[in-house]
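Student: Before accepting the labels attached to a model, I would like to see the reasoning behind each of them. Could we go through some of them together?

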Amino acid sequence: MTALSVALSVPAYAQQTGSTGASTAAPQTDDFHGTEEIVVTAPYVERLDILSGTSAVTGDVLAEKTRAQLGDILSSLPGVSATSFSPGASRPVLRGYQGNRVAVLTDGIGNIDASNTSADHAVTIDTLTVERIEVLRGPAVLLFGGQAVGGAVNALDKRIPRAIPDEAVHVDALAGFGSAAHDWSGGASVDVPLTDRVVVHLDGSYRNSDDLRTGGYILAPSLRAEVLDFAAEEASEGHLDEAAEARELADQSGRIPNSAVKSWTAAGGIAFIDDGGNMGLSYSIYDSNYGIPARPGSGHAHAHDEGDAEEAPVTIGMRQYRFDFRGELDLGDGLFEKLRLRAGYANYSHTEFEGDEIGTIFNSKGFEGRVEFIQNDRGGWRGASGAQYQSRKLDAIGAEAFVPPNKSQQFGLFTLQEFTAGNLDAEVALRFDTAELRADILGISRSFNNVSGAFGVGYHIGDLKIGANLSRTGRAPAVEELFSNGPHIATQAFEVGDPLLKSERAWNGELYARYDTADTAFNLTLYTNRFDNFIYEAETGAVEDALPVFQYFQNDAKVWGVEFQGSQNVARFGDVDLKVDAVADYTRAKISGGAGNIPRIPPLRVLGGVELNGTRLDLRGEVEWSDTQTKTAPFETATDGFTLVNATATWRPFGSDRNIALIASANNIFDVVARRSASFTKDFVPLSGRDFRLSARISF
């Protein structure tokens with residue numbers, strides 16, 4: 001099952017092939033994994049998406065879409081976009097929410113990195129060795145924290161094995177090349193049973209990409225016009241060299257300067273598995289070096305002499321060392337069926353360089369642990385209850401440390417109960433969180449207590465299911481929202497927090513309808529969120545230290561939206577199926593009291609595809625249309641709409657067992673310029689231009 005992926009890597013925006021977003025492709029099989037889908041985020045339920053709705057990327061689709069960062073893999077799922085700060089840093093955006101409102105998990109616990117603290121920080125998930133990525137929503141998300149209003153993203157790997165291979169040695173591998181960034185990548189894992197109860201796992205990966213090529217001008221039209229106006233002004237004043245330099249910047253096209261990525265990972269794990277339970281440990285290293293494209297006009301020269309004519313490029317060197325533990329004990333036929341333990345510790349560091357000079361060093365040490373008691377199913381009643389603890393110590397060192405040294409710890413208690421009676425399903429979740437955040441150097445310590453609850457109900461009418469979810473959630477402010485105050489060279493902004501922020505609370509509602517048969521499937525969801533004390537970061541129009549000022553504010557807010565996902569088998573020719581599918585989503589987000597729009601919200605998006613699926617060969621073509629986003633916050637520029645056309649062919653030379661799959665794809669075939677409105681850097685970091693990819697997957 002996992003892949004040798006010789007991949008002409010597709011750009012950050014490329015859409016998922018093979019389905020409308022959920023993992024509708026035929027399951028991958030081999031003698032290690034079988035055909036069962038692994039869903040471990042809430043393993044006590046027969047299906048996690050009874051009420052909440054779950055999308056996933058796995059198998060051949062995951063192999064074809066593998067990119068340097070998690071956000072760019074998931075962007076074709078309903079309601080999902082990406083921050084796309086740079087090719088080396090991109091986090092998922094769910095229903096317009098970023099940062100702390102989206103829980104990013106590794107095998108059910110937090111990723112213990114700094115990706116939620118700033119858009120320029122990479123997600124430390126190895127996309128070359130991960131097996132499955134899930135997007136989770138609804139009441140069950142309270143298992144992972146009351147802050148995840150947008151939902152949770154969970155990446156599953158095999159670093160702590162869950163099964164004993166039948167073979168003496170089991171190998172999965174992934175390798176690739178991408179034309180748009182000259183992106184070479186490869187990953188492999190090996191599982192070896194030492195006894196009939198003990199298995200050892202090793203994996204590693206490597207990626208090296210050049211600057212990303214785009215389809216047109218690098219600067220957005222509005223920013224390019226500003227630069228050309230500046231060039232004309234400089235020329236009129238006789239500053240010909242400055243005018244020529246500005247015109248050169250405005251006319252820049254082709255490759256995005258300073259957007260290259262180089263990364264590697266290594267990991268090992270061991271697990272004991274028998275009928276009474278299992279226990280395992282793993283250790284991993286994630287190392288990445290990536291460029292931060294320069295914001296035109298930022299002009300920050302804090303670490304340089306005033307006479308410098310040109311800013312040094314900003315790059316980030318990041319490394320995470322991580323230990324993980326997972327255990328499960330069968331408890332018999334009483335109230336509780338299983339006891340599950342999960343814990344992780346990470347030592348994370350990244351350095352922001354200005355040329356060869358060190359700007360700021362961020363050191364973080366974090367721990368997260370959780371315990372769950374899984375209930376036996378008793379006449380349609382089942383559930384799980386447990387506790388979760390997180391702690392982090394973050395030190396920022398350097399003249400441009402925009403956030404002071406700080407410590408945070410959080411403790412949560414949760415329960416999720418599910419009931420089934422005939423055609424009716426019900427789900428109830430309750431969670432209590434307490435958080436303490438300290439910046440001793442400022443003499444500030446803040447404590448927050450939040451209670452979150454959720455209720456959902458669904459009713460089956462034949463193959464149709466309709467239902468509703470209602471929740472009340474609470475989120476403590478993050479350290480960065482409270483304590484930021486200074487220049488941040490990687491985001492090229494002066495960031496200002498507010499130490500007096502209150503907890504953010506929200507009422508959240510969903511109405512949904514789902515239909516699922518062998519030939520037809522669709523999922524339609526309407527959602528709304530009503531926030532008290534919504535926390536958001538917005539540009540103020542001020543300039544500090546030659547950088548634009550971005551400040552955290554708090555106000556009431558309203559968010560609503562719609563998501564659709566559907567597929568239809570329209571014909572069958574022998575063993576070949578003809579299928580059409582579609583994804584559409586829209587989010588509207590406003591600050592109350594006439595204060596304008598919430599910044600960086602994705603616009604209306606529609607994606608449609610046509611597929612031919614056979615035993616050995618799959619063919620797919622798709623078109624994604626994204627509307628112009630003009631509903632922007634003050635000082636935020638509009639984002640032009642775009643249309644992308646992609647095509648993919650997947651060949652399995654050995655038939656339906658799918659242990660080997662070769663994939664060829666062409667993305668953004670017409671080489672259009674595309675920008676994500678959710679991106680902090682959209683005006684000077686467009687998405688990839690035309691890109692070709694070859695992929696292959698192999699398992700033995």
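**From value to label**

Tutor: Let us start with F411, which has a relative accessibility of 35% and therefore counts as partly exposed; bear in mind throughout that this is a predicted model.

Student: Why is F411 called partly exposed?

Tutor: Buried is reserved for values under 20% and exposed for values over 50%, and because F411 has 35%, partly exposed is the label that applies. The residue is placed in strand β19.

Student: What makes F411 part of a nonpolar patch on the surface?

Tutor: A patch takes residues with over 30% relative accessible area and no salt bridge, and it joins nonpolar side chains within 5 Å. F411 at 35% passes the accessibility cut-off, and the patch includes F411 together with Y283, Y321, F323, Y345, F367, Y389, L413, L430, F432 and V451, with about 970 Å² of accessible area together. Two or more residues of this patch come from each of β15 (314–330), β19 (406–421) and β20 (424–439).

Student: How do you know that E226 is exposed?

Tutor: The relative accessibility of E226 is 53%, and because exposed means over 50%, the label follows. E226 sits in helix α3, residues 221–236, and with D229, E233 and E237 it forms a negative surface patch.

Student: Why is D183 called buried?

Tutor: D183 has 8% relative accessibility, which is under the 20% cut-off, so the residue counts as buried. Its place is in strand β9, residues 183–193, and its side chain makes a polar contact with the side chain of R207 at 2.9 Å, a value within the 3.5 Å allowed for such a contact.

Student: What makes the pair of D126 and R159 a salt bridge?

Tutor: The distance from N to O between these side chains is 3.6 Å, and because the criterion is a nitrogen of Lys or Arg within 4 Å of a carboxyl oxygen of Asp or Glu, the pair qualifies. D126 lies in the loop between β5 (109–110) and β6 (132–136), whereas R159 lies in the loop between β7 (151–156) and β8 (170–178), so that the bridge links distant parts of the chain, 33 residues apart. With relative accessible areas of 8% for D126 and 12% for R159, each falls under 20% and is therefore buried.

Student: How do you know that the bridge between R392 and E480 ties together separate parts of the sequence?

Tutor: The side chains of R392 and E480 meet at 3.1 Å, N to O. R392 lies in strand β18 (residues 381–397) and E480 in helix α5 (residues 479–483), so the parts tied together are 88 residues apart in sequence. Both residues are buried.

Student: Which residues are joined into one network by salt bridges that share partners?

Tutor: The network consists of D107, R162, R322, D324, R326 and R342. In total, the structure holds 43 salt bridges.

Student: Why is the phi of S84 worth a remark?

Tutor: Most residues other than glycine have a negative phi. S84 is not a glycine, yet its phi is positive, about 45 degrees. S84 lies in the loop between β2 (80–82) and β3 (92–94), and at 5% relative accessible area it is under 20% and therefore buried. N258 also has a positive phi, near 60 degrees, and is a residue other than glycine; its place is in the loop between β12 (253–255) and β13 (261–274).

Conventions:
Residues numbered from 1 in each chain as written. Predicted model: local features only at pLDDT ≥ 70, side-chain atom pairs only at ≥ 80, totals over all residues. Heavy atoms only, no water. Patch = residues over 30% accessible without salt bridge, like charges linked within 9 Å, V, L, I, M, F, W, Y side chains within 5 Å. Areas by Shrake-Rupley, 256 points an atom, 1.4 Å probe, with all protein chains shown as cover. Helix = DSSP H or I, 4+ residues; strand = E, 2+ residues; numbered from the N terminus. Buried < 20%, exposed > 50% of the residue type's maximum accessible area, 1.4 Å probe, protein only. Lys, Arg positive; Asp, Glu negative; His and termini not counted. Charge placed at Lys NZ, Arg CZ, Asp CG, Glu CD. Polar contact = N/O pair within 3.5 Å; in protein donor to acceptor, adjacent residues only side chain to side chain.
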